[in-house]
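Trainee: Could you take me through one part of this model up close? I'd like the residue-level picture, with the numbers, and then how that part sits among its neighbours.

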Amino acid sequence: MDIVKFRERGKQLVKEASQLEDDKKYEESLKLFEKAIENFRFVLEHDTNPYSAKTLKNYVRELEDKIEYLKKLIERDSKKEQIKEGGK
């Protein structure tokens, strides 16, 4: 098991997700953030370095907060779309 590959893949997914978020593609962004967290959780299960594990746990919490924020944006946009469609 190469946890370095999982960590790097997680970082790449976060980078891609952030770009999608900047492009206002929130649902796609959310999915990639979730995949990144999966990668990081795998790393946490196998990482023996307590400092890096603590740092990564904090980062995962930040990503979880980001996911909650994106869910709210998606819900808001969905409501806006429903109002827009109702006004036709």
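Mentor: What follows is a walk along helix 3 and its partners.

Keep in mind that this is a predicted model. Helix 3 covers residues 50–86, and Ser52 is part of it. Let's begin with that serine. Is Ser52 buried or exposed? Its relative accessibility is 18%, and the cut-off for buried is under 20%, so Ser52 counts as buried. Its side chain has a polar contact with the side chain of Asp47, at 2.6 Å. If you skip the neighbours within four places in sequence, Ser52 is in contact with Arg7 and Asp47.

Those two partners are also paired with each other. Asp47 and Arg7 form a salt bridge, and their closest N and O atoms are 3.1 Å apart. The pair ties together distant parts of the chain: Asp47 is in the loop between helix 2 (26–46) and helix 3, Arg7 is in helix 1 (residues 3–22), and 40 residues separate them. Both Asp47 and Arg7 are buried. As background, side chains of opposite charge can pair when their charged atoms come close. So around Ser52 you have a polar contact to Asp47, a contact with Arg7, and a salt bridge between Asp47 and Arg7.

How many salt bridges does a search of the whole structure find? It finds 7. Two of them are good to look at while you're on helix 3. One joins the side chains of Lys71 and Glu68, at 3.6 Å from N to O. Lys71 and Glu68 both lie in helix 3, 3 residues apart, which is about one turn of the helix. Lys71 has a relative accessible area of 39%, so it is partly exposed. Glu68 is at 43% relative accessibility and therefore counts as partly exposed too.

The other one pairs Lys79 with Glu75, with 3.3 Å between the closest N and O atoms. Here again both residues lie in helix 3, this time 4 residues apart, about one turn of the helix. Lys79 comes out at 45% relative accessibility, so it counts as partly exposed. Glu75, at 44%, is partly exposed as well. Set these beside the Asp47 and Arg7 pair: there, both residues are buried, and the link is between distant parts of the chain.

Now for the packing, starting with helix 1. The axes of helix 1 and helix 3 come within 13 Å and cross at roughly 25°. Angles under 35 degrees count as roughly parallel, so helix 1 and helix 3 are roughly parallel to each other. The crossing of helix 1 past helix 3 is left-handed. On the helix 1 side the contact is made by Arg7, Val14 and Glu21, and on the helix 3 side by Ser52, Leu56, Tyr59, Leu63, Lys66, Tyr69 and Leu70. You'll notice Arg7 and Ser52 on that list, which brings us back to the contact around the serine.

Helix 2 is the next partner. Helix 2 and helix 3 pack at an angle of about 160°, and their axes are 9 Å apart. Angles over 145 degrees count as roughly antiparallel, so that is how helix 2 and helix 3 run relative to each other. Helix 2 also passes helix 3 in a left-handed crossing.

For a residue-level view from helix 2, try Phe40, which is found in that helix. Its relative accessible area is 1%, so Phe40 is buried. Leaving out neighbours within four places in sequence, Phe40 is in contact with Arg7, Gly10, Lys11, Val14, Leu56, Tyr59, Val60 and Leu63. Arg7 is in helix 1, and Leu56, Tyr59 and Leu63 are among the helix 3 residues in the contact with helix 1. Also, the C-alpha atoms of Phe40 and Arg9 are 8.8 Å apart, with the two residues 31 residues apart along the chain.

Asn39 is found in helix 2 as well. With a relative accessible area of 13%, Asn39 is buried. Not counting residues up to four places away in sequence, Asn39 touches Phe6, Arg9, Gly10 and Leu13. Gly10 therefore turns up as a contact of both Asn39 and Phe40.

Last, look at Glu28, another residue found in helix 2. Glu28 has a relative accessible area of 44%, so it is partly exposed. The C-alpha atoms of Glu28 and Val14 are separated by 12 Å, and these residues are 14 residues apart along the chain.

Notes
Residues numbered from 1 in each chain as written. Predicted model: local features only at pLDDT ≥ 70, side-chain atom pairs only at ≥ 80, totals over all residues. Heavy atoms only, no water. Helix = DSSP H or I, 4+ residues; strand = E, 2+ residues; numbered from the N terminus. Buried < 20%, exposed > 50% of the residue type's maximum accessible area, 1.4 Å probe, protein only. Polar contact = N/O pair within 3.5 Å; in protein donor to acceptor, adjacent residues only side chain to side chain. Contact = heavy atoms within 4.5 Å. Salt bridge = Lys/Arg side-chain N within 4 Å of Asp/Glu carboxyl O. Axes fitted to C-alpha atoms, helices over the stretch in contact; angles between N-to-C directions. Parallel < 35°, antiparallel > 145°, perpendicular 65-115°, else oblique. Left-handed = near helix turned anticlockwise from the far one by under 90°.
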